[in-house]
Amino acid sequence: MGLDVEAIKKAVPSCSFYYFDQIDSTNSWLLDNGSCGDICLSETQNKGRGRRGNHWLSPNTGNIYLSLCWCFNEIPKHWTLLGLVVGIAIAEALADIGLENHGIKWPNDIFWKQKKLGGILIETKDQSGKVIIGIGINKMMPSEYIKKIGQAATSLDEALPTSISREKIITEIVLNLQKHLQKFLTLNLDHFFILWQKWDVLFEEIVSFHYQGREIIGKVVEIDQQGRLGVLENSGRINYFSSIDIKVRRHEVANAIS
Ligand code: BTN
């Protein structure tokens, strides 16, 4: 069934909505056509895009493919934390609709019980302070598609104790996102770190990833003020890595590092 966009609009009157049955990508559409406050929704995307140039599988109706065009009056000081703050906003909204046992896998994948539930792609066109925030959440993804995702994945219909409408989920996400974005220019770092710790699923986990031709294995100990992942390596040093450079995963072998 299609989305009742009017119901969402009623709850979020500050935004203009553009809703498609099919589109290449809601992010691409807003990059070309979006004004501040616009929201683009589509039932399917044939060129859905993920982070690091990945494809975002968007084959069937019933999921959430949403992009918001947001304009900051000035370039945010903590720009590199934006994706993490968006992740926090989504995690909170999902908790408000009754989801439990979920969190954020750095930098901003939404996870439920070690399976990916959703992702965030933030893009800009110029230096104007206008950003496109793309959110993909599996809500009703058939198992044949889940298998194609290329990593352990799940849908909200599996994760939620009772079924909740997409209209309600989208409304909660957009309202909470707006709340966080309105405060982003004056982000209180102490408060941000407290929220991050609450949702961070990698804290104190052993992770591994490739960086500059070598495999790094270490324990996640913190993120820094730029949102980089702080990893304690066997050498005893904490090194910091940007999400542009690495794709991190939980390390398979337990106790690889003490
Ligand atoms: C990721 O985890 O790699 C990020 C995925 C982001 C997917 C969403 S779906 C809506 C918006 N439109 C896109 O083409 N991508 C984002």
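This is a short walk through a predicted model, from its helix packing to its ligand and two points in its loops.

Let us begin with helix H3, which spans residues 82-96. One of its partners is helix H7, made of residues 189-199. The axes of H3 and H7 come within 10 Å and cross at roughly 60 degrees. Angles of 65 to 115 degrees count as roughly perpendicular and those under 35 as roughly parallel, so H3 is oblique to H7. The crossing of these two helices is left-handed. If you would like to find the contact yourself, look on H3 for Leu-84, Val-85, Ile-88, Ala-91, Glu-92 and Ala-95. Facing them from H7 are Phe-192, Leu-195, Trp-196 and Trp-199. What kinds of residues make up the contact of H3 with H7? Nine are nonpolar, one is charged and none is polar.

H3 also meets helix H6, which covers residues 166-182. Here the axes come within 8 Å and cross at roughly 140 degrees. Only angles over 145 degrees count as roughly antiparallel, so H3 is oblique to H6. The handedness of this crossing is right-handed. On the H3 side, the contact includes Leu-82, Val-86, Ala-89, Ile-90 and Asp-96, while on the H6 side Ile-169, Glu-172, Asn-176 and His-180 are among the residues taking part. The contact of H3 with H6 holds twelve nonpolar residues, two polar ones and three charged ones. Val-85, Ile-88 and Glu-92 of H3 are worth locating, for they touch H7 and also belong to the contact with H6.

Now turn to the ligand. Around it are 20 residues, and those that come nearest are Ser-25, Gln-45, Arg-49, Arg-51 and Lys-116. Two side chains can be followed to nitrogen atoms of the ligand: a polar side-chain atom of Thr-26 lies 3.0 Å from one, and an N or O atom in the side chain of Gln-45 is also 3.0 Å from a ligand nitrogen. With Arg-49, the backbone is involved: one of its polar backbone atoms is 2.6 Å from a nitrogen atom of the ligand.

Finally, two loops deserve a look. Most residues other than glycine have a negative phi, and most peptide bonds are trans. Arg-52, in the loop between strand S2 (38-45) and strand S3 (64-71), has a positive phi near 55 degrees. Pro-107 sits in the loop between strand S4 (102-105) and strand S5 (109-112). The peptide bond joining Trp-106 and Pro-107 is cis, with omega about 5 degrees.

How values were computed
Residues numbered from 1 in each chain as written. Predicted model: local features only at pLDDT ≥ 70, side-chain atom pairs only at ≥ 80, totals over all residues. Heavy atoms only, no water. Axes fitted to C-alpha atoms, helices over the stretch in contact; angles between N-to-C directions. Helix = DSSP H or I, 4+ residues; strand = E, 2+ residues; numbered from the N terminus. Left-handed = near helix turned anticlockwise from the far one by under 90°. Contact = heavy atoms within 4.5 Å. Nonpolar A, V, L, I, M, F, W, Y, C, P; charged D, E, K, R; others polar. Near = heavy atom within 4 Å. Polar contact = N/O pair within 3.5 Å; in protein donor to acceptor, adjacent residues only side chain to side chain.
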